[in-house]
Amino acid sequence: MIELIRTNSDNEYFQYLVSGLDKDLAIRNGENNYFFAQYNKTDQIKHVIVAFLIDQPVGCGAMKEFDDQTMEIKRMFVPVQMRGKGIASAILQGLEKWAEELGYNKCILETGDKMPEAIRLYQKRNYRIMPNYGQYKNVHSSICFQKEL
């Protein structure tokens, strides 16, 4: 059974998982990785979920306030060997529930066109493509999604 723990970005398991995410993104994003990395700092993120399966950290996700109605989903990651077990979906659902509890009514996120697993996850969880926002506005490889909670 997947266990979700609410924490913050100081969590050692979150930091461990994010190091794996950053390595994966560096490969997928190639020379464009520096642009994205500057927006993926993990210091002082107050809302983090780490997923555990049999006491092992197997995935993570985070969110931060975008505006007074909207949370931005960040740092979603499940190691390759753990994919296909519903972990990412459970984390995303946990973040959405937490956002609602905090009074937010929408989630937004950005992913890349080289992330087919992420795109499928967000579509499966009823996220809809939206115009690129903020720093991703003119980034052709970015795909932004939104979901009303």
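## The second largest pocket

A pocket, as the word is used here, is an open set of grid points with protein on both sides within 12 Å along at least five of seven lines, and its lining residues are those that have an atom within 4 Å of a point. The structure under discussion is a predicted model, and in it the second largest pocket is lined by Tyr16, Leu17, Ser19, Gly20, Lys23, Pro57, Val58, Phe77, Pro79, Gln81 and Met82. Two elements, α1 (12–29) and β3 (56–67), each give two or more residues to this lining. Of the contributors, α1 supplies the most, with five residues.

The space in this second largest pocket comes to about 160 Å³. When the lining residues are sorted by type, seven are nonpolar, three are polar and one is charged.

## Cysteines and disulfides

With a disulfide taken as a pair of cysteine sulfur atoms within 2.5 Å, the count for the model is zero disulfides. Two of the cysteines can nevertheless be described by their accessibility: Cys60 has a relative accessible area of 0% and is therefore buried, and Cys144, likewise at 0% relative accessibility, also counts as buried.

## Salt bridges

Over the whole structure, a search finds seven salt bridges. One of them joins the side chains of Glu72 and Lys74, with an N to O distance of 3.9 Å, and both Glu72 and Lys74 are buried.

Another salt bridge is formed by the side chains of Arg83 and Glu117, where the N to O distance is 3.3 Å. Because Arg83 lies in the loop between β4 (70–77) and α3 (87–101), while Glu117 belongs to helix α4 (residues 116–124), this pair ties together parts that are 34 residues apart in sequence. Neither partner falls into the buried or the exposed class: Arg83 is partly exposed, its relative accessible area being 29%, and Glu117 is partly exposed as well, with a value of 32%.

A further salt bridge links Lys114 with Asp113, and here the closest N and O atoms are 3.9 Å apart. Lys114, at 45% relative accessibility, counts as partly exposed, and Asp113 is also partly exposed, with a relative accessible area of 43%. Elsewhere, Arg6, Lys97 and Glu101 are joined into one network by salt bridges that share partners.

## Backbone angles between β2 and β3

Most residues other than glycine have a negative phi. Against that background, two residues of the model deserve a separate description. Ile54, although not a glycine, has a positive phi of about 50°, and Asp55, which is not a glycine either, has a positive phi of about 65°.

Ile54 is found in the loop between β2 (47–53) and β3, and Asp55 is found in the loop between β2 and β3 too. As for their surroundings, Ile54 counts as exposed at 74% relative accessibility, and Asp55 is exposed with a relative accessible area of 67%.

## Strand β7 and its partners

Strand β7 (residues 142–148) is mostly covered, since five of its seven residues are buried, which here means under 20% relative accessible area. Which strands pair with β7? Strand β5 (residues 106–112) pairs with β7 in the antiparallel sense over seven bridges, and strand β6 (residues 128–130) is joined to β7 by three bridges, this pair also running antiparallel.

Individual bridge partners can be named on either side of β7. Gly112 has Ser142 in β7 as its bridge partner, whereas Arg128 stands opposite Gln146 in β7.

## Leu95 in helix α3

Leu95 has its place in helix α3, and with a relative accessible area of 0% this residue is buried. Its C-alpha atom is separated by 9.2 Å from that of Cys107, a residue that lies 12 residues away from Leu95 along the chain.

How values were computed
Residues numbered from 1 in each chain as written. Predicted model: local features only at pLDDT ≥ 70, side-chain atom pairs only at ≥ 80, totals over all residues. Heavy atoms only, no water. 1 Å grid on protein atoms, 1.4 Å probe; cavity = no way out; pocket = protein on both sides within 12 Å on 5 of 7 lines; lining within 4 Å. Points joined across faces, edges and corners; volume = space filled by probe spheres on them. Helix = DSSP H or I, 4+ residues; strand = E, 2+ residues; numbered from the N terminus. Nonpolar A, V, L, I, M, F, W, Y, C, P; charged D, E, K, R; others polar. Buried < 20%, exposed > 50% of the residue type's maximum accessible area, 1.4 Å probe, protein only. Salt bridge = Lys/Arg side-chain N within 4 Å of Asp/Glu carboxyl O. Pairing = 2+ DSSP bridges.
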